[in-house]
Amino acid sequence: MTRALFPTQEIGSLAKPRWQLQGQRSEALDESARAELTSWDARVGFAAEAPAVRDALLTGRPEDAPPEAVRDLGALFALRFLETAGLDRVYDGEARRIEMYEYPIRQMQGFRFGGHVRSFDNKYYLKASVTGEVRLERPYHVDEFEFVKRHARAEPKLPITGPYTLADWSYNEYYLARQPGWKGRTARRAAQREFVVDLARRALRPTLAALIDAGCRVIQIDEPAAGTHPDEASIVVDGFNAATDGLDAEFSMHICYSNYADLLPALLEAKRCRQWAWEFANRDTAGHDGYAVLKVLADYGDTREVGLGVADVHRDAVESPEVVADRIRRAVKYLGDPQRIWVNPDCGLRTRSLSVARAKIESVVKGAALARAEFEHPRR
Amino acid sequence: MNVRTGLTGPFPRSEALVAATRDFDRGRTSADTLEELFAKTEREVLALEHRLGFDGPTAGYLRWPDLFRPFAETWEGFTVGPLTRWLETNTFYRQPILLAPPGRTAGAVAARLPPPLLGTAANARVLLPGPYSFTVMLDNRSGETEPALIHRLGRLLGEEVRELRGRGFSTFLFSEPQLVVRPPEGPRAEAVVAGYRAVEAALNGGSSIVWTYGADARPAFPLLDRLPVSAVGVDLTETEVEQLPAGPSRQGLGLGVLDSRTTLEEDPTEVARVVRAAHARRPAPAVWLGPGGPLDLLPWDAATRKLEVLPAVRAALAGSSP
């Protein structure tokens, strides 16, 4: 399929609307939640696709809006939100997911949750120990994808947490215990490789296969932990290769807030990775070209697509289309080939309000259009 | 072998405390109720440390949001900045921003020490950020050069030690992961030595421990050997025993023997074997055993189980002493 230059895509999560959160808890919507539902419906048009749920929510009858139906409506909202902003590839804003670690782990055997760990201040998260061989109970995200496939008007792209990140965010007991002698650096590294590859083979690969069987063609494997241990980049790759072994889909790898140069060239051994979807805008500040790191890819002769992060998801300030176009221009300069560039926000936009997220995505789309016009019809 | 054991960083909060702090943030519990639970849990940690025979109890430093916050919130020149990743972990600290040359606020840090420690100050272990890690992990907008700032923070921490000595405290543990994660060289390394000289001048017979973790300590040994401190700790889950400098050390030998990145409990026999090997390679006046990195990377139960290993190691080492 021939695409126009600089197609656009989302990367992951959106903030959940207030009406969805209240509705899922079977609460009657407060005034601001009702206003939010009504105003976004007027703007992106989604609620008419589930009129009974909409009416139950708006008329204070939570008993007639079961939580699963509210989640469906949340997924529909996110789809239309992203589609009407003009993106070429969309998903459901992860409307059914709460986070990206605990849910996948709970679909597997071999793990034990042992208590909370502080993330910062008074915020905590659950972190599991792997205490036995990893076994998948059932492929996950399949129902979610099937809903998206039934309703999406643009091309769906499914995000899924990668094996390295799932392992890195867990405590490694089982595989470390199998290492003989002192559990020092060398033993820990070997145990981590074994854990990641087992997770990939036994849990990720069957899940990806089930998703592909369900019709999923574009899959983004999220590895946000990859950058925290640059010396383990080869383990990230082993996990990616094991998870995608023999599978036929368009795979990308999303990494953010990392020094990508430190992960190269090891990362280039990810055989079936067609696209690097990386964050750049957050590091693109006055006096620092956040896109210059792309030159390293060119220096290694890598010719894969790049999902170019052009909107910072950690700041409310909305990048203008001109700034987006400038970022694309610089990426073309470093990569040398405009055909390889997809345009997207840096990461999931769940940390921003829906209004800011929408404005950022619209800017991404408009900026890509500006750059497209420039490269397809260069001024003489 | 003269063996000492104890915590080398903050202890995790109990599940009850996790729930209470969450409830407090959501307005579902009062400050008084939360304070009661903090005090109760600190007493539990202190009791645990006593039961395990630790030298230098800490009461867990459960109230500190992160290692730098008591300083960033009370010292002059600082403000509290954005969430920033804590080394190679999935936890975060709020990065101190230094807007002007820093100044100490007398009494401010002492007021934030775990209250139960005040009754047992002579035996307690005071946890402080090391001047190098503090410098590297803050956002320096003060205009001061990095070496000058390392030295200045060393002097300020020395003043802190002097004040706390006056309140009866005698053992000070400086958390210094960056000494091995990003070993300083040249003027920065000299500033580290100068900073610890300022601490030494304030000790007045007390003990100072520099505790490193998070990376292989090998590249930092030439500098670590020069530090005028009572003991230097290295994380043996990162540094191979065979890489320890050979020969006697004038400093105490700190060995991080519990891995705070896994819930897998260490085998006391295996730990004792490694400690003997380390001491044979590098004989030292005392051996300080503890967790390699901060145990608050683990849930409460797992951290407690890990600590139970240390008395068993101590017993195994005592049994094998000549």
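Here are a few friendly notes on chain B and its contact with chain A.

1. Please keep in mind that this is a predicted model. The ipTM is 0.93 and the pTM is 0.92. For chain B the average pLDDT is 95, and 99% of its residues reach at least 70.

2. A good place to begin is the make-up of chain B, which has 11 helices and 10 strands. Its radius of gyration is 19 Å, close to the 20 Å from the globule rule for 322 residues, so chain B is as compact as a globular protein of that length. If you would like a sense of its dimensions, the C-alpha trace of chain B spans about 55 × 45 × 35 Å along its principal axes.

3. Next, the inside of the chain. Among the 322 residues of chain B, 52% count as buried. Looking at contacts in chain B with a separation of 6 or more, 74% are between residues 24 or more positions apart.

4. Now to the place where the chains meet. Chain B brings 32 residues to the contact, and chain A brings 24 residues. On the chain B side, the elements that give two or more residues are helix H1 (15–25), strand S3 (92–103), helix H9 (268–281) and helix H10 (300–307). Which of these gives the largest share of the side that touches chain A? That is H1(B), with 5 residues.

5. Finally, the character of that surface: the residues of chain B on the side that touches chain A divide into 14 nonpolar, 12 charged and 6 polar.

Terms used:
Residues numbered from 1 in each chain as written. Chains lettered and ligands numbered in written order. Predicted model: local features only at pLDDT ≥ 70, side-chain atom pairs only at ≥ 80, totals over all residues. Contact = placed C-beta atoms within 7 Å. Helix = DSSP H or I, 4+ residues; strand = E, 2+ residues; numbered from the N terminus. Nonpolar A, V, L, I, M, F, W, Y, C, P; charged D, E, K, R; others polar. pLDDT = per-residue confidence, 0-100. Rg over C-alpha atoms; globule rule 2.2 N^0.38 Å. Buried ≥ 20, exposed ≤ 12 C-beta atoms within 10 Å, placed from the backbone.
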